[in-house]
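Thanks for coming, everyone. I'd like to walk you through one fold today, so keep the picture in view while I talk.

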Amino acid sequence: MHAGSTMNWLDVIAHPLWMVPTLLLWMVGRRQRRGTWDPRACPTQLKGKTAIVTGGNSGIGKFIAMDFARRGARVILACRSVSRGAAAAQEIQAQTGNPDVHVRQVDLSSLDSVREFTEKILEEERALHILVNNAAVSGLPREITKDGFDVSFATNHLGPFLLTNQLLGRIRDVLRMCVKSFGRALVNLNVAQLSNLIKNSAPARIVTVSSINHKKGEVDFSHFRGENVTYNLDRVYNHTKLHNIICTNELARRLRGSGVTANSVHPGIVMTGMMRHYPFRIRCIFNLIGQFFFKSAEEGAVSAIYCAVSEEAEGISGKYFDSDCSIVLPAPLARDSALAVKDFEICERLTSKL
């Protein structure tokens, strides 16, 4: 009797009619994943432009870099693993026909590594037109770096914060040199006017990949050093993504009038290797559901590409873009201007070289 019942259930499950609702579910999921903006329909070309993508060797970052290379940019993949970065660079070169794709090593969890990376970039590159802070980790257990920070906070926020500001620091140095060279009469000119004096200068865009999970994040500055933190699945990740938006908004305020924009984006719920540190059971459930409803890495790259290259996003700064490339309001904490100033100043102190 038991064996017969089992066979009956197997017959029901294996019936061809199950293919119909399964196919419909798949089609609905695909439609929900498809955005309204198509990168391939965007005519923007990046010849003569330089772009840096952190974590550009895999997942969303690789497809962002692929798009930039397809548009003719000089693309620098900022990766922790040089070997994986080299493999990604070869793939991008082969698929786009653009040989100007390069790998530079950086471990965002190490402030010394970030400084070495930025020093090398400032020595080698004459300009930087696009910076995409994409690399991030999630689900890591508690670990304190040699700088004294929680490894997730260092990788997801403090490392990218330092990298961005180190590169911006050179812009300020060049502007100060212009003032010194052209005389005291230029002192009263604003940053935008001084920028016009620099040969081959161009508007630049900074894009930080955050997450809708920032709405579940909290601001507690003791978290930076791994204190008062609950290490459970994406809890720490959520906090770091909130800090990303807060500091990006403050950076945009500080860059106002400079021709450099800074925005943060939510890529969507994406099927990437981000969950490799999660328990096996959680990963299995995520991957099973994700086949129908979640975005691929290529689809998840769209909102960041939109902010980096689209004509529609030109001049827009200090905004948070959803996965469909629309501007939406982030969580209330991310819109607190006083908190933003405090957060930015604390991060400056923590990442300064004493």
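Okay, a word on the labels before anything else. When I say helix, I mean a DSSP run of H or I with at least four residues, and a strand is a run of E with at least two; both are numbered from the N terminus. And please remember that this is a predicted model.

So, the overview. The protein chain comes to 12 helices and 8 strands. It has 354 residues, and 48% of them count as buried. If you take contacts between residues at least 6 apart in sequence, 77% of those join residues at least 24 apart. On the outside, the chain exposes about 18400 Å², with carbon and sulfur atoms supplying 56% of that.

Now the sheet. In what order do the strands of the open sheet come? Reading across, we get β3-β2-β1-β4-β5-β6-β7-β8, 8 strands with mixed pairing. At the edges stand β3 and β8, residues 327-328, and each has a single partner strand, so one side of each is left without a neighbour in the sheet.

Let me stop at β1, residues 50-54. Here 5 of 5 residues are buried. Remember the general rule: in a regular strand the side chains alternate between the two faces of the sheet. In β1, Thr50, Ile52 and Thr54 sit on one side, Ala51 and Val53 sit on the other, and all of them are buried, so to speak of a covered face here is to speak of both.

Who are the neighbours of β1? On one hand there's β2, running parallel to β1 and joined to it by 5 bridges. Thr54 stands opposite Ala78 of β2, if you want a place to look. To get from β1 to β2, the chain passes through α3, and that β-α-β crossover is right-handed. On the other hand there's β4, residues 130-133, which pairs with β1 in the parallel sense over 3 bridges. There, Ala51 has Ile130 as its bridge partner.

Moving along to β2 and β3. These two run parallel as well, with 5 bridges between them. Ile76 stands opposite His102 of β3, and Ala78, which we just met facing Thr54, has Arg104 in β3 as its bridge partner. Put α4 together with β2 and β3, and you have a right-handed β-α-β unit.

That brings me to α4 itself, residues 82-96. It has 15 residues and reaches 21 Å from its first C-alpha to its last, close to the 21 Å expected at 1.5 Å a residue. Which of its residues are buried? They are Gly85, Ala88, Ala89, Ile92 and Thr96. Look down the helix axis and those buried residues fall within an arc of 105°, so they line one face of α4. The covering over them includes α3 (59-70), β2 (74-79) and β3 (101-105). Flip to the face turned away from the buried side, and you find the exposed residues Ser83, Gln90 and Ala94. Right after the helix comes Gly97, with a positive phi near 75°.

Two more helices, for comparison. First α8, residues 235-254: its 20 residues should span 28 Å at 1.5 Å a residue, and the end C-alpha atoms are 30 Å apart, which agrees. This helix is mostly covered, with 17 of its 20 residues buried.

Then α12, residues 337-351. The end C-alpha atoms of its 15 residues are 21 Å apart, and the expected span is 21 Å, so that agrees too. Its buried residues are Leu339, Ala340, Asp343, Phe344, Ile346, Cys347, Leu350 and Thr351. Down the axis of α12 they fall within an arc of 165°, so they line one face. On the face turned away from them are the exposed Ser337, Ala338 and Arg349.

Last stop, Leu350. Why does Leu350 count as buried? Because its relative accessibility is 18%, and the cut-off for buried is under 20%. Leaving out residues up to four places away in sequence, Leu350 touches Leu111, Phe149, Leu158, Phe224 and Arg225. And take Leu162: Leu350 is 188 residues from it in sequence, yet their C-alpha atoms are 9.4 Å apart in space.

That's my tour. Over to you.

Definitions and conventions:
Residues numbered from 1 in each chain as written. Predicted model: local features only at pLDDT ≥ 70, side-chain atom pairs only at ≥ 80, totals over all residues. Heavy atoms only, no water. Expected span 1.5 Å × (residues − 1). Buried < 20%, exposed > 50% of the residue type's maximum accessible area, 1.4 Å probe, protein only. Arc of directions from axis to C-beta. Contact = heavy atoms within 4.5 Å. Pairing = 2+ DSSP bridges. Right-handed = clockwise from strand over helix to strand, strands pointing away. Areas by Shrake-Rupley, 256 points an atom, 1.4 Å probe, with all protein chains shown as cover.
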